[in-house]
Amino acid sequence: MIPANIKREIPEFVCHYLAFVDSFVDLQRQKTWWVFTKNLKFFEFYRKTLVASVNLSNTCLQNVKDQIMAYEGPKYSSYDENTVPSSFNICVGKYVFHTLNVLKVYVIVKCWDKCVILQRLPNKGGFTIIGEHENLYGFRIVHGSVKYSTVLELEFVGGSVLKCDFEKEEIEINDFENQRSELKQLLDRIRSAKSELKLHESLTAQSFDRLQDKLTYGLPHVRSLKLEEKQILARCGDIWKRLTSQNDLVVGVPLINQCSAQNLTIIHNIYPLLDVGSGNEESSTSIKYRLYQLKLSFYDLDSIETFLQSEDEDFQKKTWISSVDCQLPPESFGILVMKFKVYDIVDLNQCPILLQYDVSKNYGSSISNTSLQIYLGILDFNDILYGHRTDYEISFKESALHQDFLATAMSSFELNLEITFQLQNDLDVFESCLQEKFQFVKLPSFTEDTLHHTIYYNHFRSSQWYGCVCLRYKEIEEDENDYSITCWKFYIPTVENAVVFMKIFLSDLATLKCNIITIRNVKQYLPAAQNVVEFENALREELKLLIELFKEERTEGNFEQWSKLFSEFQSTQLNSDKIFKRLKDETLNAS
């Protein structure tokens, strides 16, 4: 019986007249099957596909054809048993002649005392008959005369033995002589690889030593007690640039406060410095800047949906915070966004940009302030404006989504509207009006139904509203009347354009076949959570002044100072009362 694993590799019709089968694995680790059939044919199959074949009818095997046709012995090599394939009446063996640059495969087909030797051509090119022998007793692979080489030993009935490797003597000698130069080249390559390995081991050991030193003792700025020796503020990403439709160049720099939260080291008063060179006046280049504090890691904003959730008020408290005084707490991320007017930088070429910042360290009873500076890089204005201008234009691609949003927010006037529609169909009519009337185009990245956000961008340079961005954020909500409540943000280049836009926008809504219930400006309604934070800060300030007032004794010598402190206390008390009243009114309106 032929095993099932062999039947899966050769065609089924060949199994009916199969005499012997064996496998062969080449240098490419491809396993093929050699099949010798009773009609004196020798085949090579690879996954049931015929690769090569040879006819052995004209060889000495023709003399034992009748015995082969009646053969019912073992048809495959069983190496797990104590049997030797060459002792079978019919068997197929192989011998490989291998040197540094020569590889030849030979096949031995033995039927009783007859033997045919085939050479397997390279790249599955077939077989050629190179020898025939009769009165053969058996064959085996033995050590040759050359060290570490093997030869094929043929043992005949009379006791004579023939050892051969099927190579001519002169070719074998020449090949052996050429091995010296090849062996020398091989040894040189081994020595070179060992030297390269030693170098990599040394570099890896140094890297592990630095890593172990950092994990054991902390970062260098943590070890030193002097603030001027610490690298507290660091850049944690590439500097990106954007050219807006208002002839503004917006540059963003990701920053991180590397101090731990336990140190209470706060960075504030962050502002950029541009070195325009000695031939230009520094005052001629004005920079407007703003710090967007990111309380989450950049890796948490890994998708478009997650980033757009930062437009929601609840998520925005944990993610993006526009810091007016450019303050960055410990272990906090932020993006410093700078805006340049193009007419200020049109004559500049390559200018270094630096950051100046102050560090406040709380030591419990005292607070120390230190001014530091870091170098960010060089801004090549000539390349941005003339070399590769199209690479820096706003496109709202997925890979640079937050960069385009921050550049638009930095250089545009923002309108926040909450629009309530009667039906979902009214929302579709409203969005069609935005596309037809104001030439807004929905970005292709936001066409999926799974997203709760829609972004429209006007990229037509000839349009009056070129560069405007319309964003519908948050999931559509329904009130008690099943009305659809949507939140919109419009980014208009200038305040004048925003006034014209709203005038045309509201007049078109009056004639539009769209049932809109209410339109309100979200900015007019201060969130209650923000009022609670303001009320808490006001109470803390009032309590601090009250403690100082109790500590200060009222005497004739310090009456003027005590009166000044009492006036400050009354002012903070009045401010906290106003915030509390506003918070109370909003709570009553909400209920």
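How many bridges pair strand β7 with β8, and in which sense do the two strands run? Before I answer, please keep in mind that what we are looking at is a predicted model. In that model, β7, which covers residues 114-120, pairs with β8 over six bridges, and the pairing is antiparallel. To give one point of register that you can find on the structure, Cys115 has His133 in β8 as its bridge partner.

Let me now place that pair in its sheet. The sheet is open and has four strands in the order β5-β6-β7-β8, with antiparallel pairing. The edges are taken by β5, residues 90-98, and β8, residues 127-133, and because each of these has a single partner strand, one side of each is left without a neighbour in the sheet. From one strand to the next, the twist averages 25 degrees.

I turn next to strand β14, which spans residues 248-257, and where 10 of the 10 residues are buried. In a regular strand, side chains alternate between the two faces of the sheet. For β14 both faces are covered, with Asp248, Val250, Gly252, Pro254 and Ile256 buried on one side, and Leu249, Val251, Val253, Leu255 and Asn257 buried on the other.

Which strands, then, pair with β14? Strand β12, residues 233-235, pairs with β14 in the antiparallel sense over three bridges, and within that pairing Ala234 is matched with Ile256 of β14. Strand β13, residues 240-243, is joined to β14 by four bridges, again with the strands running antiparallel, and here the bridge partner of Arg242 is Val250. These two strands, β13 and β14, form a hairpin with four residues between them, and in that hairpin Asn247 takes a positive phi near 60 degrees. Strand β18, residues 333-341, is joined to β14 by nine bridges and is also antiparallel to β14; in this case Val253 has Leu336 in β18 as its partner.

Finally, I would like to move from the buried strand to the surface. Leu183, Leu186, Leu187 and Ile190 make a nonpolar surface patch of about 310 Å². Ile190, one of these residues, is found in helix α3, which runs over residues 169-217. How far is Ile190 exposed, given that Ile190 belongs to a surface patch? The relative accessible area of Ile190 is 39%, so Ile190 counts as partly exposed, and that value lies over the 30% that a residue must exceed to be part of a patch.

Note on methods:
Residues numbered from 1 in each chain as written. Predicted model: local features only at pLDDT ≥ 70, side-chain atom pairs only at ≥ 80, totals over all residues. Heavy atoms only, no water. Pairing = 2+ DSSP bridges. Axes fitted to C-alpha atoms, helices over the stretch in contact; angles between N-to-C directions. Buried < 20%, exposed > 50% of the residue type's maximum accessible area, 1.4 Å probe, protein only. Patch = residues over 30% accessible without salt bridge, like charges linked within 9 Å, V, L, I, M, F, W, Y side chains within 5 Å. Areas by Shrake-Rupley, 256 points an atom, 1.4 Å probe, with all protein chains shown as cover. Salt bridge = Lys/Arg side-chain N within 4 Å of Asp/Glu carboxyl O.
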